[in-house]
Amino acid sequence: MPHASEQTASAGMPLRDHEVHLEALGVLVRIVTDGPAMTRALRAAWAACLVDDLRGRQPAVVLDGRVAMADSGGSLDGSIEILTQHVTGRAIGHHAGELLMLHACVLADPLTRRAIVMVGPSGVGKTTLARTLGKRWAYVTDETAAIDTDLSVLPYPKPLSLVRPGVGVKAQVAPSDLGLRVIEGPVEVRAVVLLSRVAGAADALVEKISTVPAIATLSEHVSYLARMPRPLTRLATLLHRTGGLRRITYSEWADVEPVVARLLDSRPVEGP
Amino acid sequence: VTVRRTAVVDEYTEDGETVVLLEDGSVLALSPLASFVLALVSERPMEPTQLAARLREVFGAPSGDPSAIETTYAVLATLHGHGLIRS
């Protein structure tokens with residue numbers, strides 16, 4: 001919970017320098033910062049999700065950047081990483097039992113709004129695919145595909161968390177700073193794939209997985225699975241309406257590009 | 001001794017295969033044989049010998065070892081191990 005100082009400027013600092021508002025999966029989040037440096041860093045990283053005009057709305061989630069700063073041992077980068085994780089966690093929690101939330105990277109065709117949901121555990125290459133193929137299609141998210149019953153997905157263009165060689169803390173980088181396209185408004189799931197990365201694999205191998213094992217596999221990547229009514233049927237419906245789960249075994253991101261093009265029935269767009 | 005089903009949070013069956021969501025949050029995909037046994041004991045409690053007879057009818061007698069009843073007990077042990085049935 002925020003300190004009382006959230007509500008009043010301290011040391012003569014304008015209130016706006018102490019807080020940032022952003023939207024995460026449709027959830028309005030207020031972050032109370034520890035000062036202008038954190039405010040600037042958050043505004044830069046979360047540029048695609050900022051809300052500057054609240055229009056009378058009240059935040060559903062309030063996070064305290066001062067606590068994150070303390071937890072990170074006074075590291076600004078560390079505190080931004082912590083806050084990014086908390087924003088996602090709270091936004092996902094807000095939709096528990098309502099939306100089907102898959103740990104996934106999502107790309108969409110900006111013209112047709114068709115989206116591909118690429119599911120996989122951490123380290124399988126979701127962020128790499130987002131930062132590369134997101135220049136050719138549109139970056140929807142690299143973290144959570146929040147899917148409604150009508151197959152619409154809320155864009156969540158959060159900062160991408162990038163590993164820096166020799167640095168323990170990941171950099172939180174706005175999609176625009178990586179030249180990615182972002183898309184406003186819901187997109188619609190056209191395909192669901194499971195990513196499997198195998199070093200040295202030639203081309204990308206695409207295999208269909210039948211429904212029951214696909215449900216068992218996907219369930220490992222669903223947040224708050226048991227909170228949803230009939231979650232297994234919900235997964236089955238998603239798979240039936242999107243042509244079933246496909247496993248993509250690949251080595252290099254470039255090999256995935258033609259697969260995405262085929263599944264979205266679209267060609268990548270060159271240039272930013 | 002009869003065998004009966006226990007409750008699960010959710011289950012889904014397609015093409016003779018069943019996937020279940022258990023109380024502990026784990027999800028389990030069952031083999032066609034285990035799915036069939038679970039479906040049988042869903043209708044009414046049954047004895048292993050009755051189950052073995054039904055399995056023989058549908059899947060045919062196992063060739064060589066193990067016997068139908070041994071196969072049935074193995075499936076029941078698996079289902080019991082996951083808490084899907086009780087006696």
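Biologist: Why is the contact between A:Arg30 and A:Glu19 called a salt bridge?

Modeller: Their closest N and O atoms are 3.7 Å apart, and the term asks for a side-chain nitrogen of Lys or Arg within 4 Å of a carboxyl oxygen of Asp or Glu, so the pair qualifies. A:Arg30 sits in strand 2 (residues 27–32) and A:Glu19 in strand 1 (residues 19–24) of chain A, so the bridge ties together parts that are 11 residues apart in sequence. Strands (E, at least two residues) and helices (H or I, at least four) are DSSP runs, numbered from the N terminus.

Biologist: Before we go on, what kind of model is this?

Modeller: It is a predicted model, where local features need pLDDT of at least 70 and side-chain atom pairs count only at pLDDT 80 or more, while totals for chains, interfaces and linings use all residues. Residues are numbered from 1 along each chain as its sequence is written, chains are lettered from A and ligands numbered from 1 in the order written, and side-chain values use heavy atoms, without hydrogens and water.

Biologist: Back to the first bridge: what makes A:Arg30 buried or exposed?

Modeller: Buried means under 20% relative accessible area, exposed over 50%, and partly exposed in between (1.4 Å probe, protein chains only). A:Arg30 has 13%, so it is buried. Its partner A:Glu19 has 16%, so it is buried too.

Biologist: How do you know which class A:Asp52 and A:Arg43 belong to?

Modeller: A:Asp52 is at 60% and therefore exposed, while A:Arg43 is at 33% and counts as partly exposed. Their side chains meet in a salt bridge, 3.1 Å from N to O.

Biologist: What makes the salt bridge of A:Arg230 and B:Asp10 a link between chains?

Modeller: The N to O distance is 2.6 Å. The pair crosses from A:Arg230, in the loop between strand 13 (222–223) and helix 6 (231–241) of chain A, to B:Asp10 in strand 2 (residues 10–14) of chain B. A:Arg230 has 49% relative accessible area, so it is partly exposed; B:Asp10 has 3%, so it is buried. Over all chains, the structure holds 12 salt bridges.

Biologist: Why can A:Asp148 belong to a surface patch?

Modeller: Patches take residues with over 30% relative accessible area and no salt bridge, like charges being joined within 9 Å. A:Asp148 has 31%, so it is partly exposed. The patch is negative and is formed by A:Glu98, A:Asp148, A:Asp150 and A:Glu188; Asp and Glu count as negative. A:Asp148 itself is found in the loop between strand 7 (144–147) and strand 8 (152–153) of chain A.

Biologist: And how do you know whether chain B is as compact as a globular protein of its length?

Modeller: Chain B has 3 helices and 5 strands, running β-β-β-β-α-α-α-β from the N terminus. Its radius of gyration is 12 Å, close to the 12 Å that the globule rule gives for 87 residues, so chain B is as compact as a globular protein of that length. The radius is taken over C-alpha atoms, and the rule is 2.2 Å times the number of residues to the power 0.38. Of its 87 residues, 38% are buried.

Biologist: What does the rule give for chain A?

Modeller: For 272 residues a compact globule would have a radius near 19 Å, and chain A has 19 Å, which agrees. Chain A has 7 helices and 14 strands, and 51% of its residues count as buried. Its C-alpha trace spans about 60 × 40 × 35 Å along its principal axes.

Conventions: Patch = residues over 30% accessible without salt bridge, like charges linked within 9 Å, V, L, I, M, F, W, Y side chains within 5 Å. Areas by Shrake-Rupley, 256 points an atom, 1.4 Å probe, with all protein chains shown as cover. Charge placed at Lys NZ, Arg CZ, Asp CG, Glu CD.
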